[in-house]
Amino acid sequence: MKDQTIIRFEQVTKQYDDDPAVLNEVSFEIERGKFYTLLGPSGCGKTTILRLIAGFIEPSKGKIYINEKIVNDVPANKRQVNTVFQDYALFPHLNVFENVAFGLRIKKLKNNVIEQKVKEALRFVNLEGYENREIREMSGGQRQRVAIARAIVNEPEVILLDEPLSALDLKLRTEMQYELRELQRRLGITFIFVTHDQEEALAMSDEIFVLNNGIIEQSGTPTDIYDEPINRFVADFIGESNIVPGIMVKDFSVQFAGKTFECVDGGFDPNEAVEIVIRPEDLEITKPENGKLRVHVDSQLFRGVHYEISCDDQDGNEWLVHSTRKAIVGEEIGLTFDPEAIHVMRHGETEEEFDKRLEAYEEGNYEN
Amino acid sequence: MKKISKLSTIYLIVMFFILYAPIFYLMFYSFNSGETMYQFESFTLDWYKELFGNTRLLIIVLNTAIIALLSATISTILGVAGALAIYYARRRRVKNTLLSLNNVLIVSPDVIIGASFLILFTMIGIKLGFISVLLAHIAFSVPIVVIMVLPKIEEMNTSMIYAALDLGASRWNVLTKVILPYITPGIFAGFFMALTYSLDDFAVTFFVTGNGFTTLSVEIYSLARRGVSLNINALSSLLFVFTMLLVVGYYFITKRNNRPNRLGVRQ
Amino acid sequence: MKTRSRNIYLIPYVIWIALFVVTPILLVLYYSFFDIDGQFTFENYKKFFTPVYLKMTFSSFWYAFLITVITLFISYPTAYLLTKTKHKQLWLLLIIIPSWINLLLKAYAFIGIFGTYGAANSFLGIIGIGSKQILFTDFSFIFVSVYIFLPFMILPIFNALDELNPSLVDASNDLGASRWTTFQRVIFPLTLDGVKSGCQIVFIPALSLFMLTRLISGNRVITLGTAIEQHFLVTQDWGMGATIAVFLIIAMVLIMVLTGKRKRGIL
């Protein structure tokens, strides 16, 4: 598998002057040909990682490898990596063709080669025939494509995308999500995509890194991260969650909201205090007497696809329910859920420990 | 927006009248066949003819033009370098220091500039004349070019520079392929400003020029001290037309570059 | 990558600063300690504090003050009304254009207009006041100065007014303020920066005018500028001239500090 690795961070720290580190001893590997997303709130360090890879800034500590070579002091113009900028950074004094041709001209390629490559790149992003347009005549979505064409025409091994969809409106954004994903598959090169939009991340990525405060909180496939968030931050940031305190009585048995429930998690100490996550769409409304939980409907919003119903239980926990069925505000209802819907999080567990525990108790599971 | 009242309109009309009347008064009498600026006898172009027959004056005009073009060109190059230096200065303190030093010559009264340059040139042994006037004009035009170019550089999106680097451009490439083309309108504006500053300067030139060398402004001053001569009127009218051409040129350059606003006033 | 090769642009620019900004000021200071025979002395400073020079300094400040205040009073309404016109940028340009015309020509025009038989006296004759001596009076000096400085005052005030968010005025009206109160409490405070930089642009040169005092006021008014010119170019007492220049520079710095933060880019 080693030869699949294209970028490797080894305990990379980035710090400006005496300010707290923007990035704190981050280590990870990026594999060839996959679509990665760096996800996190603003200021979490995701753009810093991107700029470190691009070579616009140098790490304060640690090592960055591209193709197993340390690139800490290789300047941006010598790296086989290209960036699609948040504001596209297209050159306003050049037309579409010349913008795309910029990198090739720097390399002093022959004119006919340049022409052919630019045409091909523009065809790739569905902009054939726009060669002579000025940048200011292009719409937001079109500029986006020019920026992508300008990056891919250089045939880089990695393309970095810094929140490239954030300036587009909702509809166009969804469209471009499909297109980007499709483009990455066709090109077969590595995309590293930065966003703070969790839906975008879930929809597009092979692999997601969730960042917060300069560290990677969790990494994994979209389903892994959605179904098994490692801590409160990830659970909260990715999708909507009900997070309530609970006690792990023993393996596969957890107590919260005053009751004990069957669950599928294990590997905890007996009676360990934990946090429980249940996704709103995993909660189902029934009659109060049939419910595992009895709650009071507090308020309700119509969200189009579903109703978002906010309820309180007797312990004062708030429960958010996504349901296609309407509830009546002020009434008492019952909520039911499957044992699989309960996800138990250990306090202060790191990703490594989490993986270890998961492995351990799954092995135990098989033995049983 | 509220409509302007009649009184306000009158006020503005009077303002414009006062601002323009003296200039047109001057031009009007340049066509006077009489000798004075108060009795218009009949229309004539004699004063203009005399102007073009006056070799001494034509040489002065030529001097003035050469000084203006040379000083504007050189100060534009220096000014662009200065603007880039300020732009690239990373630390806030350095940036502010450079900017303040830059502005010293802009706010200094002409007399101070003139007197201090006079001392400077005398000290380092530059003969007063063409060279000293040229150096002085370059010196006081540089900060104006910087002021005209800097906003243009600063308005430039930094990610554009990163994009160029990302696409393999060297520092030199970034300068010639991205920055300079982008700030060209600012450079032109700076050049024009430098040109008009030089053409217009009287006080500094008056201090640093020697016996043999005169520019138009200094010449007009010495003529005017002797009293009214309609030669000056003719000369003024030509200068006025020329200035207008420059203004229009400048206006179109800034206009073409989508921001018609903020013409600098000259001092 | 970040430090290396970056600021080669600094080299020519810093040389320019050193040679034409820092050195001249130091030289002026240096020369102020020498008398006409080249002997080191504090005599110049002592002389500056004699009644002759103090009176001249005071009168120079007084005239500059009068000129600034009058210019402000005329400019503010003009700028205000300009922002209310339809094609305000065009009108503004028309206000600015006269400032682009050579100062000497404007001064010269007034020699004609204010002359014994000039337009001003004809006008006075028509309205029955009769001919007066206008040229070479305080009045003519102040009038022409104000005329020359008007555009420089109008521009910054116009810009300040133009940037003023109109909904602030609406808000003030909405809260029950009368038009005058709105002006006093909202518009004027918010455009104070423009007023300040306008005053700065006018006051400092008004202290140092020398050409106008010679051409228009016939040496009746002696400003600091005139005195400097006199010492440098007529009596050749550079030491005393430099001393006056030092005080002018000090005055300039004080005014700049006093009128507070100056927006960059306004000339």
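## A residue pair in chain A

Ser299 of chain A has Ser310 of chain A, a residue of β17, as its bridge partner. The structure described here is a predicted model. Two strands of chain A, β16 (residues 293-302) and β17 (residues 307-312), are paired over six bridges, and the sense of that pairing is antiparallel.

## The open sheet

Strands β16 and β17 of chain A also appear side by side in an open sheet of five strands, whose order is β15-β19-β16-β17-β18. The pairing in this sheet of chain A is antiparallel. At its edges lie β15, which spans residues 284-286 of chain A, and β18, which spans residues 318-323 of chain A. Each of these two edge strands pairs on one side only. From one strand to the next, the twist averages 50°.

## Chain A as a whole

Chain A has 368 residues, of which 38% are buried. The secondary structure of chain A consists of nine helices and 20 strands. Along the principal axes, the C-alpha atoms of chain A fill a box of roughly 75 × 45 × 45 Å.

The contacts within chain A can also be described by separation along the sequence. Among those with a separation of 6 or more, 66% are accounted for by residues 24 or more positions apart.

## An annotated domain in chain A

An unreviewed UniProt entry carries the annotation "domain: ABC transporter" for residues 7-238 of chain A. Over this span of chain A, helix makes up 36% and strand 25%. The end C-alpha atoms of residues 7-238 of chain A are 26 Å apart.

## An annotated domain in chain B

For chain B, the UniProt annotation "domain: ABC transmembrane type-1", likewise from an unreviewed entry, covers residues 61-251. This span of chain B is 84% helix and 0% strand. A distance of 25 Å separates the end C-alpha atoms of residues 61-251 of chain B.

## Where chains B and C meet

The contact between chains B and C involves 70 residues from chain B and 74 residues from chain C. On the side of chain B that touches chain C, helix α1 (residues 6-29) of chain B gives the most, with 13 residues.

That side of chain B can be sorted by residue class as well. Nonpolar residues number 54 on the side of chain B that touches chain C, alongside ten polar and six charged residues.

Conventions:
Residues numbered from 1 in each chain as written. Chains lettered and ligands numbered in written order. Predicted model: local features only at pLDDT ≥ 70, side-chain atom pairs only at ≥ 80, totals over all residues. UniProt positions renumbered as here; feature names shortened; annotations may be inferred. Helix = DSSP H or I, 4+ residues; strand = E, 2+ residues; numbered from the N terminus. Pairing = 2+ DSSP bridges. Axes fitted to C-alpha atoms, helices over the stretch in contact; angles between N-to-C directions. Buried ≥ 20, exposed ≤ 12 C-beta atoms within 10 Å, placed from the backbone. Contact = placed C-beta atoms within 7 Å. Nonpolar A, V, L, I, M, F, W, Y, C, P; charged D, E, K, R; others polar.
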